[in-house]
Amino acid sequence: MLTLFNQTIVMFILIITGIVCFKTGIITKNGNRELSKLVLSVVNPIVIFMAYQTDYNSELVKNLMTAFLLSAISFAVVIAGAYIIIPAKIRNSEIERFSTIYSNCAFMGIPLIQALFGSTGVFYLTAYLTVFNFMIWTHGIILLSGERNLKNVLKVLYSPVILSIVIGIIMFFLQIRLPSVASQALGFIADLNTPLAMIVSGVTMADANIISLLKKKRIYFTAFLKLFLFPALVVIIFALPVFSGIDSDVRTSIIIASSAPSAAMCTLQCIRIGKDSLYASEIFAFTTVLSIISLPLVVQFDKIMQNII
């Protein structure tokens, strides 16, 4: 727990750096948008690809398949919870549902899991990222906008993250390894992931009106669902006897990914379709800050549940 807490503090300092960069004009909104593209389209895919540059191991393959199963179960739990607890009739219900279902698993999940479990943890996380990308571009878009477009499904198939996973898996099974020079170069790019991702998050948060945010009761409720209740439900389900024997690194990696703060994509999609992007950004900012406390607590709760059941 101490390692996770220390890592979240490090990430929070990087987030503050992003806020300062925005407030001083070093990074603008447009500049942040470009940095975000760099992280999502280049750095994250390389981090994922490099996780597959490892020796073939049947145990790794077994754990990866388990990670896919746990990822699907975690999404089923939070989707059901969001639709049951958040009524469709309330204002901005689609934003609250989206924000409680979809996490910032790439920006927050990859740095945290990389720090805790190294490339093996990222290897397992790719299962969650695959399910996440498929769900967010299908169910997520339909939830926010009502669009039912086949193009959104096709976007998933050729997105940089999915392509990196496919290429990485092929090279993993065929045991094709990059030359040391290329591997070192990509390793340098992968090392940019944590600082860049957190600085981008900080710039995104810097534009939120803190005073206005703190007055909105629904934000507290949404954050409680996203960071505490739904992660607790996932932890309890994963602690059931039927899941006994599952590798602890796999379980913890999926729990952290599911428990990460609300996805920044909600804000981007709200801007695109004309929804309340300010409210979406406020939820993102509030859950990101609060996750410094919630993530270590969720992981600790997971350890307690494993000892009880």
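Biologist: Which helix is V39 found in?
Modeller: Happy to help: this is a predicted model, where local features need pLDDT of at least 70, side-chain atom pairs count only at pLDDT 80 or more, and totals for chains, interfaces and linings use all residues. Residues are numbered from 1 along each chain as its sequence is written, and side-chain values use heavy atoms, with hydrogens and water left out. Helices (H or I, at least four residues) and strands (E, at least two) are DSSP runs, numbered from the N terminus. V39 falls within residues 29–51, which form helix 2.

Biologist: Is V39 buried or exposed?
Modeller: Buried means under 20% relative accessible area and exposed over 50%, with partly exposed in between (1.4 Å probe, protein chains only). The relative accessible area of V39 is 0%, so V39 is buried.

Biologist: Which residues is V39 in contact with, leaving aside neighbours within four places in sequence?
Modeller: Contact means heavy atoms within 4.5 Å. With those neighbours set aside, V39 is in contact with N44, P45, F107, N193, L196, A197 and V200.

Biologist: F49 is in helix 2 too; how far apart are the C-alpha atoms of F49 and S164?
Modeller: F49 counts as buried because its relative accessibility is 11%. S164 is among its contacts, along with I167, G168, M171, L178 and L186, once neighbours within four places are left aside. Although F49 and S164 are 115 residues apart along the chain, their C-alpha atoms are separated by 5.3 Å.

Biologist: At what angle do helix 3 and helix 12 pack?
Modeller: Axes are lines fitted to C-alpha atoms, for helices over the stretch in contact, and angles run from 0 to 180 degrees between N-to-C directions. The axes of helix 3 (residues 58–85) and helix 12 (residues 248–259) are 10 Å apart, and the angle is about 35 degrees.

Biologist: Which residues of helix 12 meet helix 3?
Modeller: On the helix 3 side, the residues are N63, T66, A67, L70, S71, S74 and V78. Their partners in helix 12 are V250, R251, I254 and S258.

Biologist: Which helix gives the largest share of the largest nonpolar core?
Modeller: A nonpolar core is a set of buried Ala, Val, Leu, Ile, Met, Phe, Trp, Tyr and Cys residues joined through side-chain atoms within 4.5 Å. This core has 91 residues, of which I95, I101, Y102, F123, Y128 and L129 touch the most other members. The largest share, 22 residues, comes from residues 105–145, helix 5.

Biologist: How many degrees lie between the planes of F224 and F228?
Modeller: Rings of Phe, Tyr and Trp (its six-membered ring) pair if their centres lie within 6.5 Å; planes under 30 degrees apart count as stacked, over 60 as edge-to-face and the rest as tilted. F224 and F228 both lie in helix 11 (residues 217–238), four residues apart, about one turn of the helix. F224 is partly exposed at 42%, and F228 is partly exposed at 27%. Their pair is stacked, with 6.5 Å centre to centre and an angle between the planes of 25 degrees.

Biologist: What value is phi of Q175 near?
Modeller: Q175 lies in the loop between helix 7 (160–174) and helix 8 (180–190). With a relative accessible area of 31%, Q175 is partly exposed. Its phi is positive, in a residue other than glycine, and is near 55 degrees.
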